[in-house]
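Hello,

I am handing over the structure below. My notes follow it.

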Amino acid sequence: TIMKSAVNYQKKLDELLETLRAQPQPKRLLLHSCCAPCSSYCLKYLSDYFYITVLYYNPNITDEQEYCRRAEEQQRLIREMPLRYPVEFREGVYRPQEFFQAVRGLEMIPEGGERCFACYRLRLRAAAKMAALENFDYFTTTLSISPLKNAAKINEIGEELGEYYHVSHLPSDFK
């Protein structure tokens with residue numbers, strides 16, 4: 001039996017960024033953000049290559065005050081962070097019921113399993129859909145920066161949704 005080797009998403013991203021470096025104009029990237037701390041590295045890393053719009057959409061945060069605090073902190077980071085190109089901010093509609101519906105029946109699945117995958121899909125679908133509707137060149141997420149998140153599954157879902165919505169998913173493993 002031949003085992004399929006793991007994809008090195010960081011290497012794929014680096015190769016793509018090298019080709020983009022030669023482009024006369026930066027491409028547009030929709031970056032789904034889970035939070036400001038995770039987005040800080042991603043913004044710094046990607047801002048030399050893209051015009052970035054950050055999409056803060058996280059219905060899995062079920063406390064509305066916490067959700068709002070995180071959205072405000074994301075906006076503050078964008079305002080204060082020195083980046084090559086200006087970064088825009090978009091906030092998704094706060095609907096925790098979408099999260100509960102997406103993970104219904106998976107509540108007892110431990111962290112890192114199918115429940116997480118359903119949550120990845122929910123947030124990536126919103127990003128892919130917005131990216132397609134607004135003619136972004138790429139979309140991706142900050143989720144892969146976390147050592148607790150499955151970058152291979154995040155990229156698999158991103159590729160699938162990119163094909164469905166006809167917008168390129170930017171491969172990544174920001175760890």
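Which elements do the buried residues of α5 pack against? The list is β1 (27-33), β2 (50-56), α4 (96-102), β4 (138-141) and α6 (151-165). Please keep in mind that this is a predicted model.

**Helix α5**

The buried residues of α5 are C116, F117, A118, C119, Y120, L122, R123, L124, A127, A128 and A131. The helix has 20 residues. From its first C-alpha to its last it reaches 28 Å, close to the 28 Å expected at 1.5 Å a residue. N135 follows α5. The phi of N135 is positive, near 55°.

**The largest pocket**

Helix α5 (residues 114-133) also gives the most to the lining of the largest pocket, with 5 residues. The lining has 14 residues in total. Nearest the pocket centre lie N60, E111, C119, R123 and K149. Two of these, C119 and R123, are also among the buried residues of α5. By type, the lining divides into 7 nonpolar, 2 polar and 5 charged residues. The space in this pocket is about 240 Å³.

**The sheet**

How are the strands ordered? The order is β3-β2-β1-β4-β5, in an open sheet of 5 strands. The pairing is parallel. β3 (88-91) and β5 (168-169) stand at the edges. Each has a single partner strand, so one side of each is left without a neighbour in the sheet. For β3, 4 bridges make the join to β2, and the two strands run parallel. One pairing to look at is V54, whose bridge partner in β3 is F89. Two of the strands in this sheet, β1 and β2, are also packed against by the buried residues of α5.

**L46**

L46 lies in helix α2 (residues 36-46). Is L46 buried or exposed? Its relative accessibility is 0%, so L46 counts as buried. Beyond its neighbours within four places in sequence, L46 is in contact with L13, L17, L29, I52, L170 and F174. Of these contacts, L29 falls within the range of β1 (27-33) and I52 within that of β2 (50-56). V87 is 41 residues from L46 in sequence. In space the two are 11 Å apart, C-alpha to C-alpha.

I would open the file at α5 and go on from there to the pocket, the sheet and L46.

Best wishes

How values were computed: Residues numbered from 1 in each chain as written. Predicted model: local features only at pLDDT ≥ 70, side-chain atom pairs only at ≥ 80, totals over all residues. Heavy atoms only, no water. 1 Å grid on protein atoms, 1.4 Å probe; cavity = no way out; pocket = protein on both sides within 12 Å on 5 of 7 lines; lining within 4 Å. Points joined across faces, edges and corners; volume = space filled by probe spheres on them. Nonpolar A, V, L, I, M, F, W, Y, C, P; charged D, E, K, R; others polar. Expected span 1.5 Å × (residues − 1). Buried < 20%, exposed > 50% of the residue type's maximum accessible area, 1.4 Å probe, protein only. Contact = heavy atoms within 4.5 Å. Pairing = 2+ DSSP bridges.
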